[in-house]
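Good morning, colleagues. I should like to take you through two elements of this chain, a strand and a helix. Please have the structure before you.

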Amino acid sequence: MRKIKKALALSLALAMGLSLVACGDKDDSTTEPKSSEATSEAASSEDASSEEASSEDASGAAKIEAPSTDGWDDSKKIYAYSWDEDFSKKLKIVLDKFPEYKDYVEFVTLGLGGTSDDYKTAIDTALTSGDKYPTLIPADNDVAKYWSEDDSKTANLYDLGFTDEMLANSYDFAKQYGTTNGELKCVTWQATAGSVYYRRDIAKEVLGTDDPAKVQEALASWDKFFETAETLKAAGYKIVSGAPDVKYAIWDTQSQPWVTDDGSKETLTLDKSVTEYLETAKKIYDGEYSNNTSMWDNSWAADMKDDSKVFCYFGCPWFIGSMQGNGATDGNWGAVTGPTSYHWGGTYVCVGKDTKNPELAAFLLYELTCDPDVGVEITNKTGDCVNNKEANARLIAGELSADNAAAKFLGGQNPIEVWAASAEGINLSNLTYQDASIKAFIDEASTAYNSGTYKSVDEAVKYIQDKCASELGISAE
């Protein structure tokens, strides 16, 4: 029953065409992952064809061994699906390092929206059709739980050879998201840590400096944020383009799950992260600290250009590409952590449960997510920030390429310093599988509250509760 409700909730949110954030399950972090010892016992009980050999690398750390291709034929080929080319670009970095596997990996790029029902349908159809079975299934963090929570579709990566020791370089939030009921069901190469991108020219004019350390002081808390907003306003500038720009930063401060399940029913409990967002957005709106734009509309995008009066945007590593595409000038932006750590987006990868080559699937995912050498190369070749602490430490220490796209955008600033610091502070342990839908309702309530349709936070919260009850079947106590 819960699976059906989950699918309906995701379909509802996606059909509304809103920008969603990661949805999870209440059990993701409350249940301890399997220990390496337990994992070894589980793996040893698997059929030999699905076991994954592991050993240690030169430093003594556990690793998944590269499988031998002796005796392999076309039946050992795996299919790596995706909605666009991004996943294949990242995995090809691994295949360039291990070219002996190139003939055994075929990319199937569907050209669909990553959070669309069409993408889910296409993957589900391929899982049952028998033709080009999806071994590697990347999914946006808005919908990855659709597959990772379903044991009939995706494998437990602990059973394929992954251990907790191998995940030592992963940030906690990625492990929290990827773990369901003590099983590791998906992993990610990305650390989509949020930051604040600010205009250097405006910082120099209004704050007297564009030094990231000094700008961080001006944005170090929400109180400082609003003090700086007032200073910018007096100088003729807006601190953000629209009030919703701050939502991901505040939503990630959840102190408890919004949806709990006692076995007989699900209950809605909206914590202070909801009211704090409603109040903060209203303060931005009423204080005239923004241009009152909506995320992803034309006016919001136009405010990224040099002729605008907007000081900063809240964004993550991939957001730099969006800013560049909207006319933001390379070199005229800097990055700071801002008032709080948060995440935005991300791609997680599952393995189809009935893959014919679990050894290769596990090895490629291990290399993609756990090998620091691969992590360094991903960042230098694509500008992405990786979910690998050792790789990021090396990039901070001097291995970042001089032509890194993100560093160019930030005027030579090393972005990994900011993103890695933010990633350490992210907590996704309170996410639930219904969060994407609930956040869509919060967006609606906030817009109505800002415009005066609702006269109080309590009225806005009541709207959210009513929508959850009527459309998700979840009521507040």
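Let me begin with a pairing: the bridge partner of Ile78 in strand β4 is Val105. Five bridges join β3 (residues 78-82) to β4 (residues 105-109), and the two run parallel; strands are paired if DSSP finds at least two bridges between them. Between β3 and β4 the chain passes through helix α3 (residues 86-97), in a right-handed β-α-β crossover, that is, clockwise from the first strand over the helix to the second with the strands pointing away from the viewer.

A word on the basis. This is a predicted model, in which local features need pLDDT of at least 70, side-chain atom pairs count only at pLDDT 80 or more, and totals for chains, interfaces and linings use all residues. Residues are numbered from 1 along each chain as its sequence is written, and side-chain values use heavy atoms, without hydrogens and water.

β3 also pairs with β5 (residues 134-140), in parallel over two bridges, where Pro134 is the partner of Tyr79. Five of the five residues of β3 are buried (under 20% relative accessible area, 1.4 Å probe, protein chains only), so the strand is largely enclosed by the rest of the structure.

I turn to helix α9, residues 222-234. Here Phe225, Phe226, Thr228, Ala229 and Leu232 are buried. They cover an arc of only 160° around the axis, taken from the directions to the C-beta atoms, and therefore lie on the same side of α9. On the other side, Asp223 and Ala234 are exposed, meaning over 50%.

Methods:
Helices (H or I, at least four residues) and strands (E, at least two) are DSSP runs, numbered from the N terminus. The expected span of a helix is 1.5 Å times one less than its number of residues.
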